[in-house]
Amino acid sequence: MPTCNFCGERMEPGTGKMYIKADGAILHFTGSKCEKNYLKLKRKPLRTKWTKFFHDEKAKKQKSSAAKKK
């Protein structure tokens, strides 16, 4: 199953949107919200709080800061 290139959610087959860039890169989006944030508003998934990528990065930072304290 493909995952959304913006929010990181897994998509069921036959759902979502597929965007093909001029250079041939294929981007998958769960819906217009992700597509608009990525393409039109040019937001970064690591800085957008509701994405899976943001939460994964936050967890990494917390683990590394906890390891430094020990």
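# A guided tour: salt bridges, cysteines and surface patches

Counting salt bridges in this predicted model gives a total of 2. We will visit both of them and then move on to other stops. Keep your viewer open and select residues as we go.

## Stop 1: Glu35 and Lys17

Select Glu35 and Lys17 and show their side chains. These two side chains form a salt bridge, with N and O 3.1 Å apart. Glu35 belongs to helix 1, which covers residues 32-40, while Lys17 is in strand 1, so this pair ties together parts that are 18 residues apart in sequence. Why can two such side chains pair up? Side chains of opposite charge can do this when their charged atoms come close.

Now turn on the surface and look at Lys17. Is Lys17 buried or exposed? Its relative accessibility is 38%, so Lys17 counts as partly exposed.

## Stop 2: Lys52 and Asp56

Next, select Lys52, which you will find in helix 2. Which residue is its salt-bridge partner? The partner is Asp56, and the closest N and O atoms of the pair are 3.1 Å apart. Helix 2 runs over residues 52-69, and because Lys52 and Asp56 are 4 residues apart in that helix, about one helical turn separates them.

Check how open each partner is. Lys52 is partly exposed at 44% relative accessible area, and Asp56 is also partly exposed, at 35% relative accessibility.

Before leaving, draw a distance line from the C-alpha of Lys52 to the C-alpha of Glu35, a residue from the previous stop. The line should span 15 Å, for two residues that are 17 apart in sequence.

## Stop 3: the cysteines

Now select Cys4, Cys7 and Cys34. How many disulfides does the model have? The count is 0 disulfides. Cys4 takes part in none, and its nearest cysteine sulfur, which belongs to Cys7, is 3.6 Å away. To count as a disulfide, two cysteine sulfur atoms must be within 2.5 Å.

Cys34 tells a similar story: its closest cysteine sulfur is in Cys7, 3.7 Å away, which is too far for a bond. With the surface on, look for Cys4 and Cys34. Cys4 is buried, with a relative accessible area of 1%, and Cys34 is buried too, with 2%.

## Stop 4: Asn37

Stay with the buried residues and select Asn37, in helix 1. Its relative accessible area is 7%, so Asn37 counts as buried. Measure from the C-alpha of Asn37 to that of Cys7: they are 9.8 Å apart in space and 30 residues apart in sequence.

## Stop 5: a positive patch

Color the surface by charge, then select Lys21, Lys42, Lys44 and Arg47. Together they gather in a patch of positive charge on the surface.

Begin with Lys21, in the loop that joins strand 1 (17-20) to strand 2 (26-29). Lys21 is partly exposed, at 36% relative accessibility.

Then move to Lys42, in the loop between helix 1 and helix 2. Lys42 counts as exposed, with 62% relative accessibility. Look at its backbone as well: phi of Lys42 is near 55°, a positive value in a residue other than glycine.

## Stop 6: a nonpolar patch

Select Met18, Ile20 and Ile26. These residues make up a nonpolar patch on the surface, and their accessible area together is about 320 Å². Which element holds Ile26? Ile26 is in strand 2, and at 45% relative accessibility it counts as partly exposed.

## Stop 7: Leu46

Go back to the loop between helix 1 and helix 2 and select Leu46. Leu46 is partly exposed, with 47% relative accessible area. Add Phe6 to your selection: Leu46 and Phe6 are 40 residues apart along the chain, and 9.1 Å separates their C-alpha atoms.

## Last stop: Met1

Finish with Met1, in the segment before strand 1. Its relative accessibility is 52%, so Met1 counts as exposed. For a final distance, pick the C-alpha atoms of Met1 and Ser32: they are 31 residues apart along the chain and separated by 19 Å.

Terms used. Residues are numbered from 1 along each chain as its sequence is written. This is a predicted model: local features need pLDDT of at least 70, side-chain atom pairs count only at pLDDT 80 or more; totals for chains, interfaces and linings use all residues. Side-chain values use heavy atoms; hydrogens and water are left out. Buried means under 20% relative accessible area, exposed over 50%, partly exposed in between (1.4 Å probe, protein chains only). Patches are made of residues with over 30% relative accessible area and no salt bridge: like charges are joined within 9 Å, nonpolar side chains (Val, Leu, Ile, Met, Phe, Trp, Tyr) within 5 Å. Accessible areas come from the Shrake-Rupley method with a 1.4 Å probe; for residues, only the protein chains shown count as cover. A salt bridge is a side-chain nitrogen of Lys or Arg within 4 Å of a carboxyl oxygen of Asp or Glu. Lys and Arg count as positive and Asp and Glu as negative; His and the chain ends are not counted. The place of a charge is taken as NZ of Lys, CZ of Arg, CG of Asp or CD of Glu. Helices (H or I, at least four residues) and strands (E, at least two) are DSSP runs, numbered from the N terminus.
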